[in-house]
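Me: Please take a close look at one part of this model, the strand pairings, starting from a hairpin. Then work outwards to whatever else helps me read the structure on my screen.

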Amino acid sequence: MCNIRVLGGLLSAHILATDSKNRLTPRAYNNQLLNLAEDLGQRFLHAFDSPTGLPYAWINLKYGVMEKETSETSTSGCGSLILEMGILSRLTGDTRYEAAALRALRKLWNMRSSLNLFGTTLDVTTGEWIEYSSGIGAGVDSFYEYLMKAYILFGNDQFWNMFHSAYVAVQKYFRHGPWYHEADMRTGKATYWQLTSLQAFWPGLQILVGDVASANLSHREFFHVWERFGVIPERYLLDRGVLHPTEKYYPLRPELAESTFYLYQATKDPWYMEVGETIVNSLNYYTKVDGGFASIRDVTTMQLEDHQHSFFLSEMCKYLYLLFDDTFLAEQSYIFTTEGHPFPIRSAWHEKLPNTYIPSNWTSVKAENQASHVSALTLQVCPAIETSTRENSAPVVESACHVPDIHDYHRCKRDEDCGVDSTSCRQRTCSMAGYCGLWFFIP
């Protein structure tokens, strides 16, 4: 939690304070947040002092790992460090942070089953699994998320190879129609048929892959649950069609809003803005109090409890705001961490992008003497030509394989209305929402 909430927040705030659009003057800001982040990162390194290199879940920030500290941790706890620690290394020039996180991630990957599945909890001293049943929810969720986002942010093929194998395994062994149940990592057999509120992040992740059809299908089911209860309960038993008897609460989790934001960005379907409006209205009606917004103790009675998690501000409010006003994203591509902190996609941080330019979008790149064109997302190189430009301006590199969509606004009724993507040279297809894009479906 401290990594994704505190370290990620410090790093993101430092970047925003020093970027060209929001830059603070040296008198107002002199890397104070980065200094705090580096101090915290140094304290974090003690967590990796285990026989396996997997980090302890709990450390004392002053003294390190305490005597008789528990060696049990979660898959997401070990596998959701690479973004923040990687950025810290890039900003400070100290490679220890990324190296520790990467070593832990590789160790965790080597613990996968022959089915490319993972458990939920493990022992960092022995490297053995404790809980073999897992899904895409609590204890595992951000592990999958960080594999894909690390690939986008850093461009290392190993992250894509890990994610692709894990994603296919999830779709094969966990998916049942629009729902995702839990399964035993050793056999792939279903263990628990239940919806957990954290699963609602999955459609947003699928958007980054381009699996929009699957994302839309699951998102609609999650939203139906929201409409039924007014919010999403922490746990719902799919096989019995009832709430979990002891986990009826709603701690203001933002995952449905997050996926709604991603789906709207991918499709521009106004229906997702209506979903966002429903979420806002529910929060105002059920959870708003004088001092903020309160968690719900029981969704059947809507009884409140005196608690507001930090992720309500860092994620829920942010994604809902960006859903209705995304001008912040207009001139820069960002990856959002699992706690909703934006990190810019920079060529200097990306192993596959030339340092001489930063893509302004995925269809054209302005660069000097640039012979080829690379997408930070797909890493697919296309044949390119330099189009004529105005005198004294940099040439605009366009893909030679580019075929425009029939309509400038990219709406479509059938696949034939869509052209060929200029970045990846792949055929664009018509989405369920009626927009051309690089959509694909994994059954």
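**Strand pairings and their surroundings**

Reply: Asp-298 has Gln-303 of β14 standing opposite. Before going further, note that this is a predicted model. The pair belongs to strand β13, residues 295–298, and strand β14, residues 303–305, which run antiparallel and are joined by 3 bridges. Between these two strands of the hairpin lie 4 residues, and Met-302 has a positive phi near 60 degrees.

Another hairpin can be set beside this one. It is made by β2 and β3, with 4 residues between them, and the turn holds Gly-127, whose phi is positive at about 70 degrees. Strand β2 covers residues 121–123 and pairs with β3 in the antiparallel sense over 3 bridges. Two partners can be picked out on screen: Thr-121 is bridged to Glu-131 of β3, and Asp-123 is bridged to Glu-128 of β3.

This hairpin is part of an open sheet of 3 strands, ordered β1-β2-β3 and paired antiparallel. At its edges are β1 (72–74) and β3 (128–131), each of which pairs on one side only. On average, neighbouring strands here are turned by 40 degrees against each other, with direction ignored.

Ahead of this sheet is a loop worth checking. Lys-68 sits in the loop between α2 (32–44) and β1. Lys-68 is not a glycine, yet its phi is positive, about 65 degrees. How accessible is Lys-68, and is it exposed or buried? Its relative accessibility is 81%, so Lys-68 counts as exposed, the cut-off for exposed being over 50%.

Next comes the sheet that contains β8. It is open, has 3 strands in the order β8-β9-β10, and its pairing is antiparallel. The edge positions are taken by β8 and β10 (242–243); each has a single partner strand, so one side of each has no neighbour in the sheet. Strand β9, residues 235–237, runs antiparallel to β10 and is joined to it by 2 bridges. Within that pairing, Leu-237 faces Val-242 of β10 as its opposite residue.

What surrounds a residue in β8? Leu-195 is a good one to select, and it lies in strand β8, residues 194–196. Its relative accessible area is 0%, so Leu-195 is buried, given that anything under 20% counts as buried. Apart from neighbours within four places in sequence, Leu-195 contacts Trp-179, Phe-222, Val-225, Glu-234, Arg-235, Tyr-236 and Leu-238. Arg-235 and Tyr-236 of that list fall within the residue range of β9. Leu-195 can also be placed relative to Ile-232, which is 37 residues away along the chain: their C-alpha atoms are 9.6 Å apart.

The helices complete the picture. Helix α8 (residues 202–209) packs against helix α10 (residues 255–267) at about 30 degrees, and their axes are 7 Å apart. That angle makes α8 roughly parallel to α10, because angles under 35 degrees are counted that way. The crossing of α8 over α10 is left-handed. On the α8 side the contact uses Trp-202, Pro-203, Gly-204, Ile-207 and Leu-208, and on the α10 side Ser-259, Tyr-262, Leu-263 and Ala-266. Sorted by class, this contact has 7 nonpolar and 2 polar residues and no charged ones.

Following the chain out of α10 leads to Lys-268, which is in the loop between α10 and α11 (271–287). Lys-268 is a residue other than glycine with a positive phi, near 60 degrees. With a relative accessibility of 32%, Lys-268 counts as partly exposed.

One more helix pair can be inspected in the same way. Helix α5 (residues 96–110) and helix α7 (residues 157–173) have axes that come within 12 Å and cross at roughly 30 degrees. The passage of α5 across α7 is a left-handed crossing. From α5 the contact takes in Leu-102, Leu-105, Arg-106 and Trp-109, while α7 supplies Gln-158, Phe-159, Met-162, Ser-165 and Ala-166. By class these residues are 6 nonpolar, 2 polar and 1 charged.

Notes
Residues are numbered from 1 along each chain as its sequence is written. This is a predicted model: local features need pLDDT of at least 70, side-chain atom pairs count only at pLDDT 80 or more; totals for chains, interfaces and linings use all residues. Side-chain values use heavy atoms; hydrogens and water are left out. Axes are lines fitted to C-alpha atoms, for helices over the stretch in contact, and angles run from 0 to 180 degrees between N-to-C directions. A crossing is left-handed if the near helix is turned anticlockwise from the far one by less than a right angle, and right-handed if clockwise. Contact means heavy atoms within 4.5 Å. Ala, Val, Leu, Ile, Met, Phe, Trp, Tyr, Cys and Pro count as nonpolar, Asp, Glu, Lys and Arg as charged, and the others, Gly among them, as polar. Angles under 35 degrees count as roughly parallel, over 145 as roughly antiparallel, 65 to 115 as roughly perpendicular and the rest as oblique. Two strands pair if DSSP finds at least two bridges between them. Buried means under 20% relative accessible area, exposed over 50%, partly exposed in between (1.4 Å probe, protein chains only).
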